[in-house]
Structures are given as structure tokens and as C-alpha cells.
Amino acid sequence: MLTLYRKRQLRRKLKRRILKQNPKEEDSVQAHVHALIASFEENQLENLFLALDSRGCDSAPCVQLSPEHQLDPSFMKQSHEIMVCKAFQWPDLENMSQLCLMPYCESPQSNHICLNPYHYSKYIDLPFTSMHLCHLENPSDLEHVNLCKDYPSETETGLSSIFSSKSENQLIETHRSPYSAVMTRSRSSIWCTLAYWEERDRVGRLYPVKHNFVNVFDQSPKGEGFCLSAVSSQTSRSAKVRRLIGHGVTIGIDPTLQEASLYNRSDYPVFVNSPVLEPIPSRSQLVHKVLPGECCRIFSHEVAADLKRLHSHHVTRTGPYNPYTVRISFVKGWGGNTYRRQVITSCPCWLEILFNPSQHS
């Protein structure tokens, strides 16, 4: 049990943190969050302080609040979630449509709302490739193509077979999850496989994913997922950049829509190239920058299947082509006129996501 003094101390610290992180924030936001903090029970106070102090570490739990929780009507200009995220994350946030709940948040299972600001990402809309923009000679032919016939495996079309690997092509065993209520929502089979690269060398083993999401990070005291520092040498040329990855990214799949999303949990940008986010026709790779705290859709099984059908009849690229492969670089970008690195194999740390085509149902 917290003493009355401890409760007051926590509330004072949280209020000071609001002013420190957002000194110019409007009074209505501060008043709303101050009123929330004043109404919190001891476990809610502790959980919020832990979340802010750890800056979104995996071990920080939800700050759950009942939907029936009421404040003075004068504070209720916007939802509690919006106000907490405005106070501690994004002062320019406007509405709930800009927020996306992290896949490991347990609040949906308990029918509560979560006020941990690090359990939310700011959604950016990267539109998928539009098939209606393609001019085909015989569009009806695409309806009769066998998607699985003579189609190479991911490693045959991805970079995992083109460059040398530092270890054998083996699978990393997953560890027991700290999120028993969430992470145990596993699928019947592997929906994607991760390959970690440092420039032209693949490092460590392939990492299969069955759960609906996976965390990829450099180091985390109580983290669960693909730990890059565990497979890479501390003396490698990429070690300095790799250490900047921090909490890294979360990659999650929506089982209903069969779409995958990327959540940037690090303090630095990540860069994404996905076939389903490129225009048609495209002679060069389009790379998207995802800032810290942002999330976006990066893959769709439906669009990838359409691209595969299109490519089988109308070749738009030379060389291997796999619409089921997404590539992500950490900290350093590539391509275009913005970056001196023109290919992802020049990036110090990057990830290859190999989606399983058979998972499209």
C-alpha cells in the first residue's frame, strides 16, 4: 500500500513532468490530465510513472481506466486517451483517428481504456498500390492465374539467398512471453520470417514469427522478441548504429484484414521499402521514412497477390521479384537524392521481412 505521502509525491512528479515535456501546452490539456492524476488509484499512479520513466519499455504495464470513469464535465473537451497523449507525446494531436493502439496492449481484452501514452502510436497513412492504375492488355487473364504454381520460396527470391550469411540458415526458438494475455494469441503457422542484415552480410539465424506481433530491438532488460545484440558482435562495424535502435520496432499482423503494420518504438527514424507501397510501373524502389512514435501499414496479402498476378503477365522489373518481401533499415536511410546510400545493402543495420504467401486466406 502506498502511503498518503507517496501518493502526493507521485502526483507532484507526474504534474512536473507534464510541464517539463510540454511547457507551452494549452491549459485545458494540463487541467484535464491533472484531474485524471488526482483521481487515480495507487496502482494507476505507479503504472503511469513506470511507463513515463522507462519511455515505453516492454515491462511497463497498461494504465487501465474504466470507460465509466467520469471527471468534471468542464474537463471533457476530448477523450482521456487524446489528452494523455497530447500531454506526454504529441502536443499537436487532434483526434483519435490519428492514434493506433500497440498490439501488445492488454486493455482491449479487459474492456478498459489504456492511458499509457507509450501504448499508442501516431498513425501515418501510406496508401497501398492501386491496381486500377495498371493498364493491362487482357485484365481478365489475371483472374485465372494460379498464385502458387512455380512460385519460388521467399529465400529464393529475397536477398537471403543472394549474399553470404554469417551463420547457417536455422531458426531461432522463441522465448516465453511476459504478455501471457496477448502474446499467446498465436497463429497455427508461421506468418512471416525475419532476417537481420548488416550491410551485405546476414547476421544470425532466421527468426520465425507465429504470434500476431513481434518486437525487434537491440537490447531490452525484460523485452520479448528478436534481440539483435544477441546475434551480432559488439565489435562489428554496425555496432555503433545498432545500439541506437533501442526499443526498435514492433511488427504486427491483423488476422482479419491480413495486413501488417510497423510501429517505430525507437528514438530514431526507420526506413521502409514495400512492394505494396510502390506505384506501378516503378523502375526504382520507393523508400518511406517513419519517424519515432509513428506507425503505418506496410503489407497487404491481397495487394501482394495482385502484384504477383500482374508481374507474371507483365514484367515490370528485371531480376528477382517478390511482392511478399519488405525491407526496413534502422537509423540510416537509402535511395533517391536524399541519401548517399543508394542500395539497402549499404545500410549498417536492416531487416528483411519474408511474409508467407500461404497465409492469405
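Let's start with the seven-stranded sheet. This is a predicted model, and in it seven strands form an open sheet. The order runs E2-E4-E13-E10-E9-E7-E8. The pairing in this sheet is mixed.

Where does the sheet end? The edge strands are E2, residues 99-101, and E8, residues 226-227. Each of these two pairs on one side only.

Take the E2 edge. E2 pairs with strand E4, which covers residues 120-123. The sense is antiparallel, and there are three bridges. For a landmark, find leucine 101: tyrosine 120 in E4 stands opposite.

Now the other sheet on my list. Six strands make up this open sheet. Read the order as E6-E5-E15-E14-E11-E12. Here the pairing is antiparallel. Its edge strands are E6, residues 201-209, and E12, residues 288-290. Again, each edge strand pairs on one side only. From one strand to the next, the twist averages 20°.

Look at the E6 edge. Strand E5, residues 192-198, pairs with E6 in the antiparallel sense. Six bridges join E5 and E6. Your landmark here is tryptophan 197, which stands opposite arginine 202 in E6.

On to the helices. Two packed helices are described by the angle between their axes and the distance between the axes. Our pair is H2, residues 27-39, and H4, residues 80-88. They pack at an angle of about 110°. Their axes are 9 Å apart. Angles of 65 to 115 degrees count as roughly perpendicular, so H2 and H4 are roughly perpendicular to each other. The crossing of H2 and H4 is left-handed.

Which residues meet there? On the H2 side, they are Ser28, Val29, His32, Val33 and Leu36. On the H4 side, they are His80, Met83, Val84, Lys86, Ala87 and Phe88. Sort that contact by class: seven residues are nonpolar, three are polar and one is charged.

Last topic: confidence. How high is the mean pLDDT of the protein? The mean is 78. Of the residues, 72% reach 70 or more. One stretch needs a flag. Over residues 139-184, the pLDDT is below 50. This stretch still has 99 contacts in the model, beyond near neighbours in sequence.

To recap. There is an open sheet of seven strands with mixed pairing. There is an open sheet of six strands with antiparallel pairing. H2 and H4 pack with their axes 9 Å apart. And residues 139-184 have pLDDT below 50. That's the tour.

How values were computed: Residues are numbered from 1 along each chain as its sequence is written. This is a predicted model: local features need pLDDT of at least 70, side-chain atom pairs count only at pLDDT 80 or more; totals for chains, interfaces and linings use all residues. Side-chain values use heavy atoms; hydrogens and water are left out. Axes are lines fitted to C-alpha atoms, for helices over the stretch in contact, and angles run from 0 to 180 degrees between N-to-C directions. Helices (H or I, at least four residues) and strands (E, at least two) are DSSP runs, numbered from the N terminus. Angles under 35 degrees count as roughly parallel, over 145 as roughly antiparallel, 65 to 115 as roughly perpendicular and the rest as oblique. A crossing is left-handed if the near helix is turned anticlockwise from the far one by less than a right angle, and right-handed if clockwise. Contact means heavy atoms within 4.5 Å. Ala, Val, Leu, Ile, Met, Phe, Trp, Tyr, Cys and Pro count as nonpolar, Asp, Glu, Lys and Arg as charged, and the others, Gly among them, as polar. Two strands pair if DSSP finds at least two bridges between them. pLDDT is the predictor's confidence in each residue, from 0 to 100.
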